[in-house]
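This report takes up helix packing and pockets in a single protein chain. Please keep the sequence and the structure in view while reading.

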Amino acid sequence: MSELLKVTHLYKEFGTNVVLKDLNLSVNKGEVVVIIGPSGCGKSTFLRCLNGLEEIQSGVITVDGLPVEAGKRDITKLRQKIGMVFQSYELFPHKTVLENCILAPIKVQKREKDDAVKEALELLDKVGLADKKDYYPRQLSGGQKQRVAIVRALLMHPEILLFDEVTAALDPEMVHEVLETMLALAKAGSTMIIVTHEMSFAEAVADRIIFLDKGEIVEETDNVFGFFEQPKTERAKKFLKTFSYEK
Ligand code: ADP
Ligand code: MG
């Protein structure tokens, strides 16, 4: 198995607030890692560090053997190896769906327009949005916008995809279509790191679960089913309980 992402002894602080404490992680090509944990435990910050959006205080992050160092000259190149989809879609309001998708491939990666358009249309078709290619973001539902954001990330041909609570802002009936898209990507062999509060989705999609609490990896396991049935640590038990209701 080839290792795509490696994090060793990562520390991240905001002033005196130590947000990530000695995190270590190794992700192989094709693996789907799901990170869960209470609000404020550092999940978003961790993803942002992986993508070079945050400076780190110590530790090493490498993608495909190349170090991720925020602010460095070659960060643009590295970011192209990592696609990220956020809770808010951040589509350009004055550009159509298709234009939003092909912007970065043409501008940043200098791809031929015809080639980018062709691939964008194929991907939009795959996520059920071929007929929306000339729509503007305001004409789409939240779930549709989020699927456009996923297509936009895929067009950059990233080695790894990061998802930060991408369904958290969606109405319940739209959550499903976005999660289905992510499940399909996982089945197709994409390497993904997913932060989510959708526990049954996490169980379905994950090859590995990481439970993060107060900036530390408290539990990490390949036994995904076992984790949700019976986590090993009290902290994970307590956290999972907040998702279940007594009948
Ligand atoms: P999560 O995504 O798990 O909810 P975050 O990564 O957003 O958690 O936040 C982790 C901690 O880092 C929180 O204590 C938060 O207040 C702090 N934090 C996040 N971003 C910043 C920032 N830009 N400046 C200062 N503190 C931050
Ligand atoms: Mg977050």
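In which hand, left or right, does α3 cross α4? The crossing of these two helices is right-handed, and the sections below set it beside other helix pairs and two pockets of what is a predicted model.

## The α3 and α4 pair

The axes of α3 and α4 lie 9 Å apart, and the two helices pack at an angle of about 130 degrees. Angles from 35 to 65 degrees or from 115 to 145 degrees count as oblique, and α3 and α4 are therefore oblique to each other.

On the α3 side, the contact is made by V97, L98, C101, I102, P105 and I106, while α4 contributes K113, A116, V117, A120, L121 and L124. By class, this contact between α3 and α4 holds 11 nonpolar residues and 1 charged residue, with no polar residue present.

## The α3 and α5 pair

Helix α3 also packs against α5, with axes that come within 8 Å and cross at roughly 30 degrees. Because angles under 35 degrees count as roughly parallel, that makes α3 roughly parallel to α5.

The crossing of α3 and α5 is right-handed, and in it V97, N100 and C101 of α3 meet V148, V151 and R152 of α5. The residues of this contact divide into 4 nonpolar, 1 polar and 1 charged. V97 and C101 of α3 thus appear in the contact with α5 and are also listed in the contact with α4.

## The α5 and α6 pair

Helix α5 packs in turn against α6, at an angle of about 20 degrees and with the axes 8 Å apart. The two helices are therefore roughly parallel to each other, and their crossing is right-handed.

From α5, the residues in contact are G142, G143, Q144, Q146, R147, I150 and L154, and from α6 they are M174, E177, V178, T181, M182 and L185. By class, the contact of α5 with α6 has 6 nonpolar, 5 polar and 2 charged residues.

## The largest pocket

About 580 Å³ of space lies in the largest pocket, and its lining consists of 22 residues, of which I82, M84, A104, R152 and M156 lie nearest the centre. R152, named here in the lining, is also one of the α5 residues that meet α3.

Which elements each supply at least two residues of this lining? They are α2 (75–79), β6 (82–85), α3 (97–107) and α5 (142–154), and the largest share, 4 residues, comes from β6. Sorted by class, the lining of the largest pocket has 13 nonpolar, 6 polar and 3 charged residues.

## The second largest pocket

The second largest pocket holds about 360 Å³ of space. Its lining is made up of 18 residues, and those nearest its centre are L123, L154, L185, A188 and S190. Two or more residues of this lining come from each of α4 (113–126), β7 (160–164) and α6 (172–187).

Two of the residues near the centre also belong to a helix contact: L154 and L185 line this pocket, and they take part in the contact of α5 with α6. The lining of the second largest pocket divides by class into 9 nonpolar, 5 polar and 4 charged residues.

Conventions: Residues numbered from 1 in each chain as written. Chains lettered and ligands numbered in written order. Predicted model: local features only at pLDDT ≥ 70, side-chain atom pairs only at ≥ 80, totals over all residues. Heavy atoms only, no water. 1 Å grid on protein atoms, 1.4 Å probe; cavity = no way out; pocket = protein on both sides within 12 Å on 5 of 7 lines; lining within 4 Å. Points joined across faces, edges and corners; volume = space filled by probe spheres on them. Nonpolar A, V, L, I, M, F, W, Y, C, P; charged D, E, K, R; others polar. Axes fitted to C-alpha atoms, helices over the stretch in contact; angles between N-to-C directions. Left-handed = near helix turned anticlockwise from the far one by under 90°. Contact = heavy atoms within 4.5 Å.
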